[in-house]
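Q: Could you take me through one part of this model in some detail? I'd like a close look at the sheet, what packs against it, and the charged pairs around it.

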Amino acid sequence: LNQSLVYKVQIAASSKNNYSRSALEDNPYPMVEKKPDDKYYRYTVGAFGSFYEADDFRQKLLRKGINGAFVVPFIYGVRQDKQTLKAYSREFPDLSNYLNGK
């Protein structure tokens, strides 16, 4: 998580902090996010340096029955949305894989 660009896999979001503790603990680098102005807790696992690694892990989670898992990029420790990522695509060429869904 100390890298400039890290991909994590979100496995759930809930308005209550009551997601399965074992689902988090059974996976590497579990994290629970909660912004003060957001009512949702977001649960992510994994920490990957490339989109392809994160997407492979996401597919494994889907096969284990964790439906709706998706890849989320973090730049300098902050979750990013697709609009913001375009500004970073020169600095982090791997983002093109995420942005193009490849």
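A: Here's a walk through the sheet, strand by strand, and then out to the core and the salt bridges. Keep in mind that this is a predicted model.

Let's start with the overall layout. The sheet is open and has five strands, ordered 2-3-1-4-5, with antiparallel pairing. Strand 2 and strand 5 are the edge strands; each has a single partner strand, so one side of each has no neighbour in the sheet. As a reminder, strands of a sheet pair through backbone hydrogen bonds, either parallel or antiparallel.

Now for strand 1 and its two partners. Strand 1 and strand 3 run antiparallel and are joined by six bridges. On the other flank, strand 1 pairs with strand 4, again in the antiparallel sense and over six bridges. Tyr 7 is a handy landmark here: Phe 48 in strand 3 stands opposite Tyr 7, and so does Pro 73 in strand 4.

Strand 4 deserves a stop of its own. Of its six residues, five are buried, so strand 4 is largely enclosed by the rest of the structure. Moving on to strand 5, the pairing with strand 4 is antiparallel and covers two bridges. One residue to find there is Arg 79 in strand 5, the bridge partner of Phe 74. The hairpin made by strand 4 and strand 5 has two residues between the strands, and Tyr 76 in this hairpin takes a positive phi near 55°.

What lies across the sheet? Helix 2 does, crossing strand 1, strand 3 and strand 4 and running at about 25° to strand 1.

That takes us to the nonpolar core. The largest one has 21 residues, and Tyr 7, Ile 11, Leu 61 and Leu 95 are the ones with the most contacts inside it. At least two residues of this core come from each of strand 1 (5-14), strand 3 (41-48), helix 2, strand 4 (70-75) and helix 4 (95-100). Strand 1 is the top contributor, giving five residues. So Tyr 7, our landmark from the strand pairing, turns up again among the best-connected core residues. Ile 11 is worth a click too: leaving aside residues up to four places away in sequence, Ile 11 touches Tyr 19, Ala 23, Leu 24, Tyr 43, Val 45, Leu 61, Ile 66 and Asn 67. Notice that Leu 61, one of those contacts, is also on the list of residues with the most contacts inside the core.

Last, the charges. There are three salt bridges by count. Back at Arg 79, the side chain forms a salt bridge with that of Glu 33, at 2.6 Å from N to O. This pair ties together distant parts of the chain, as Arg 79 belongs to strand 5 (residues 78-79) and Glu 33 to strand 2 (residues 31-33), 46 residues apart. Glu 33 has a relative accessible area of 15%, so it counts as buried.

Another salt bridge joins the side chains of Asp 55 and Arg 58, at 2.7 Å from N to O. Asp 55 and Arg 58 are three residues apart in helix 2 (residues 51-63), which means about one helical turn separates them. Asp 55 is buried, also at a relative accessible area of 15%.

The remaining pair is Asp 38 with Arg 42, whose side chains meet at 2.8 Å, N to O. Arg 42 is partly exposed, with a relative accessible area of 23%.

Notes. Residues are numbered from 1 along each chain as its sequence is written. This is a predicted model: local features need pLDDT of at least 70, side-chain atom pairs count only at pLDDT 80 or more; totals for chains, interfaces and linings use all residues. Side-chain values use heavy atoms; hydrogens and water are left out. A salt bridge is a side-chain nitrogen of Lys or Arg within 4 Å of a carboxyl oxygen of Asp or Glu. Helices (H or I, at least four residues) and strands (E, at least two) are DSSP runs, numbered from the N terminus. Buried means under 20% relative accessible area, exposed over 50%, partly exposed in between (1.4 Å probe, protein chains only). A nonpolar core is a set of buried Ala, Val, Leu, Ile, Met, Phe, Trp, Tyr and Cys residues joined through side-chain atoms within 4.5 Å. Contact means heavy atoms within 4.5 Å. Two strands pair if DSSP finds at least two bridges between them. Axes are lines fitted to C-alpha atoms, for helices over the stretch in contact, and angles run from 0 to 180 degrees between N-to-C directions.
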